[in-house]
Amino acid sequence: MKRIEGMSILITGGGSGLGAGSAKYFCDRGAKVTICGRRKDKVEAVAAGIGPGCHAVQADVTRDADRRALVDAALEHGGGLDALINNAGNMYRGPIEELDEQALLDVFHTNVIAGMLLTGLCVDALAAREGAVVFVGSIHNRRAFPGVSPYAATKGAVETLSRVLAAELGPRKIRVNCVAPGAVLTEINQRAGLFTDDEARARLESMVDMHALDRIGKAEEIAEAMAYLVCAEWTTGALVDVDGGLGLGLAQA
Ligand SMILES: NC(=O)c1ccc[n+]([C@@H]2O[C@H](COP(=O)([O-])OP(=O)(O)OC[C@H]3O[C@@H](n4cnc5c(N)ncnc54)[C@H](OP(=O)(O)O)[C@@H]3O)[C@@H](O)[C@H]2O)c1
């Protein structure tokens with residue numbers, strides 16, 4: 001396994017949730033981490049809370065100029081690049097008859113296209129360090145929840161992308177993998193109305209029963225899997241479910 005200490009890691013969407021949790025995880029272990037988000041105050045507050053190892057950049061990953069400035073900032077902060085974690089993501093859900101075309105384009109832009117283009121920008125720097133790319137999929141890659149087709153489709157795309165890019169970038173010694181988190185209480189779920197009102201809390205309780213391990217997850221538990229995928233030198237093209245057993249589809253006996 002590679003050591004995290006001394007690595008340079010770029011994590012998109014680090015101003016909250018899993019991105020913030022993983023930035024702390026990697027910085028606590030001696031990495032230099034660059035995080036980004038559209039909300040300057042959020043991303044800067046996370047970096048300030050973590051310390052000088054974490055560098056905040058205000059960037060929208062759907063914008064070409066922002067992506068280029070972000071990669072330059074990560075190279076400067078970390079003195080190179082060992083890993084890119086394509087974590088930034090948004091939720092869009094709704095019945096198939098009511099979907100809005102622009103909202104669909106937007107969620108694919110953020111969740112899929114931005115990560116593809118950012119990965120392309122990082123290839124030379126990652127090849128120089130025999131580095132890694134981690135895409136963030138979802139439990140929606142494994143379980144079919146009605147009404148979430150837009151978001152689930154983006155996460156299916158990300159899983160496929162990881163496998164194809166693992167094959168494409170293997171000759172350059174870059175590993176590409178996908179972590180598929182289960183339910184973790186973050187802003188994305190709150191914005192989607194999960195875990196907030198009474199009905200949502202009831203839904204959460206029923207979800208807890210669907211987990212083999214009887215609880216939802218924590219951001220640092222997703223970071224542990226990201227760390228494995230960043231460091232494991234013979235793992236590429238893998239999908240790692242980290243979901244407390246939610247993906248098992250437990251049936252009542
Ligand atoms: N939490 C879960 O249960 C769960 C489960 C499975 C998968 N995931 C995936 O995990 C990843 C992180 O989500 P999360 O749960 O941590 O939710 P979150 O707290 O909402 O984090 C998402 C982050 O992405 C950033 N972001 C969104 N659009 C962006 C853009 N265009 N440019 C730059 N940054 C952008 C947001 O910051 P700004 O708004 O400031 O830009 C936000 O900080 C997502 O890919 C999500 O799909 C989460």
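Reader: Hi! Before we start, what does it take for two residues to be in contact?

Author: Two residues are in contact if their C-beta atoms, placed from the backbone, lie within 7 Å. Val134 is a nice example: leaving aside neighbours within four places in sequence, Val134 touches Ala83, Ile85, Asn86, Asn177, Val179, Met226, Leu229 and Val230.

Reader: Thanks! And what kind of model is this, and how are residues numbered?

Author: This is a predicted model, where local features need pLDDT of at least 70, side-chain atom pairs count only at pLDDT 80 or more, and totals for chains, interfaces and linings use all residues. Numbering starts from 1 along each chain as its sequence is written.

Reader: Cool. Which residues have the most contacts inside the largest nonpolar core?

Author: Those are Ile9, Ala23, Ile35 and Val134, in a core of 63 residues. Such a core is a set of buried Ala, Val, Leu, Ile, Met, Phe, Trp, Tyr and Cys residues joined through C-beta atoms within 7 Å. Buried is the word for 20 or more other C-beta atoms within 10 Å of a residue's own, exposed for 12 or fewer, and partly exposed for anything in between, again with C-beta atoms placed from the backbone.

Reader: Which helix gives the most to this core?

Author: Helix H8 (residues 219-231), with seven residues. Helices (H or I, at least four residues) and strands (E, at least two) are DSSP runs, numbered from the N terminus.

Reader: Switching to strands: how many residues of E2 are buried?

Author: Six of the six residues in E2 (residues 32-37) are buried. On one side you'll find Lys32, Thr34 and Cys36, and on the other Val33, Ile35 and Gly37.

Reader: Which way does E2 pair with E1?

Author: In the parallel sense, over five bridges, with E1 covering residues 8-12. Strands count as paired if DSSP finds at least two bridges between them. Within E2, Cys36 is the bridge partner of Thr12. From E1 the chain passes through helix H1 (residues 17-28) to E2 in a right-handed β-α-β crossover. Right-handed means that, with the strands pointing away from the viewer, the path from the first strand over the helix to the second runs clockwise.

Reader: And what about E2 and E3?

Author: E2 also pairs with E3 (residues 54-58) in the parallel sense, over five bridges. Ile35 stands opposite Ala56 in E3. Together with helix H2 (residues 40-50), E2 and E3 make a right-handed β-α-β unit.

Reader: Is Cys27 buried or exposed?

Author: Cys27 is buried, with 21 other C-beta atoms within 10 Å. Cys27 sits in helix H1, and beyond four places in sequence the residues in contact with Cys27 are Val33, Ile50, Gly51, Gly53 and Cys54. The C-alpha atoms of Cys27 and Cys54 are separated by 6.7 Å, with their places 27 residues apart along the chain.

Reader: New topic! Which sign does phi have at Glu130?

Author: Positive, about 50°, although Glu130 is not a glycine. Most residues other than glycine have a negative phi. Glu130 lies in the loop between helix H4 (101-128) and strand E5 (132-136), and is partly exposed, with 13 other C-beta atoms within 10 Å.

Reader: What about Asp214?

Author: Asp214 has a positive phi too, of about 65°. Asp214 is in the loop between helix H7 (198-209) and H8 and counts as exposed, with 10 C-beta neighbours inside 10 Å.
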